[in-house]
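Here is a short, friendly walk through one protein model. Have a look at the sequence and the 3D view, then read on.

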Amino acid sequence: MEPLPPGFRWPDGYRAAAMFTFDVDAEAVMLTDHPEVVDYLDVIGHQRYGPQVAVPRILRMLDRRGLRTTFFVPGWVAETWPDVIRSIRDAGHEIGHHGYMHESVRGKDEATEERYLRRGLEALDLVVGVRPVGYRPPSCDMNFRTPDLVAKHGFTYSSGMMDSDHPYKWKSGLIELPMHWSLDDWNRYNYVPGYASSPILRPSEVCAAWGEELEAIVDVGGLFDLTMHPFVSGRPARIAALETLIELAQSMDGVWVAAGDEIAAWVADLDLPPVTHEPPKLDPI
């Protein structure tokens, strides 16, 4: 095994960790970037498959596996599908913040970015009575100020960076649970004519690829952070393959399969050197 980062370790008896997370984007992910689809029944119906059909199926599967995990929820989705989001809470899963309307913060000023955070917090509080400790940036879009802004609003952790195999601690004390596009179902399955052009791959092939990623991350003592979307991964064959992958992770010696808040709480107590990022310095031509 490769050496772990300075100060980092997993709880006794564990050599790596895995989290299987779901971003409950529903219609919001399309409406924000493509507002014209508000009139397109085919696209809206495609997105509504997530809360209507997939979330109940996912919850049943997680119950079979005895797995508590994390669902990142945009505030607008909580307002639009309150009973669905309450069912996630009532099943004992963590609910994290995922923007209000799944908005990108690229090109936005600090006041606008903070407004997205506040409005998402207010919606989750109103609908499910939850003050989330975890934050996933919509589309993983971040400004250099984002980590400090998230920490300012009392979050314990964020999960959107792709610069490490291991969790780390920002200078503000915010914990980062890193991820990567290779561990995301969007680019493996999601096809919506005119809007999403990912290939539609065989679930067995997708989960075999993720299994290879899992084994390699375990070998370096890292965090396997899988990002899924109910409207994408909640289809019958995909859930069946995912359950097989979860079963593999749960059967691996020394792998801690847990929710984001559990992993972040462990990392928060470690004495880790603080991490910061500064914008690149470019010389004028």
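What follows covers the cysteines, one helix and a pair of strands.

This is a predicted model, in which local features need pLDDT of at least 70, side-chain atom pairs count only at pLDDT 80 or more, and totals for chains, interfaces and linings use all residues. Residues are numbered from 1 along each chain as its sequence is written, and side-chain values use heavy atoms, with hydrogens and water left out.

Let's start with the cysteines. The whole structure holds 0 disulfides, a disulfide being a pair of cysteine sulfur atoms within 2.5 Å. The table shows why Cys140 and Cys207 form no such bond: each closest sulfur is too far away. Buried here means under 20% relative accessible area, exposed over 50%, and partly exposed in between (1.4 Å probe, protein chains only).

| Cysteine | Closest cysteine sulfur | Relative accessibility |
|---|---|---|
| Cys140 | Cys207, 19 Å | 13%, buried |
| Cys207 | Cys140, 19 Å | 8%, buried |

Next come the helix and strands, which are DSSP runs numbered from the N terminus (helices: H or I, at least four residues; strands: E, at least two). Helix H10 (residues 236–251) has 16 residues and an expected span of 22 Å, which agrees with the 23 Å between its end C-alpha atoms. That expected span is 1.5 Å times one less than the number of residues. Among the buried residues of H10 are Arg238, Glu243 and Leu245.

In strand E3 (residues 94–97), Glu94 and Gly96 point one way while Ile95 and His97 point the other, and all are buried. Strand E2 (residues 70–73) runs parallel to E3, joined by 4 bridges; pairing requires that DSSP finds at least two bridges. Opposite Ile95 of E3 stands Phe71.
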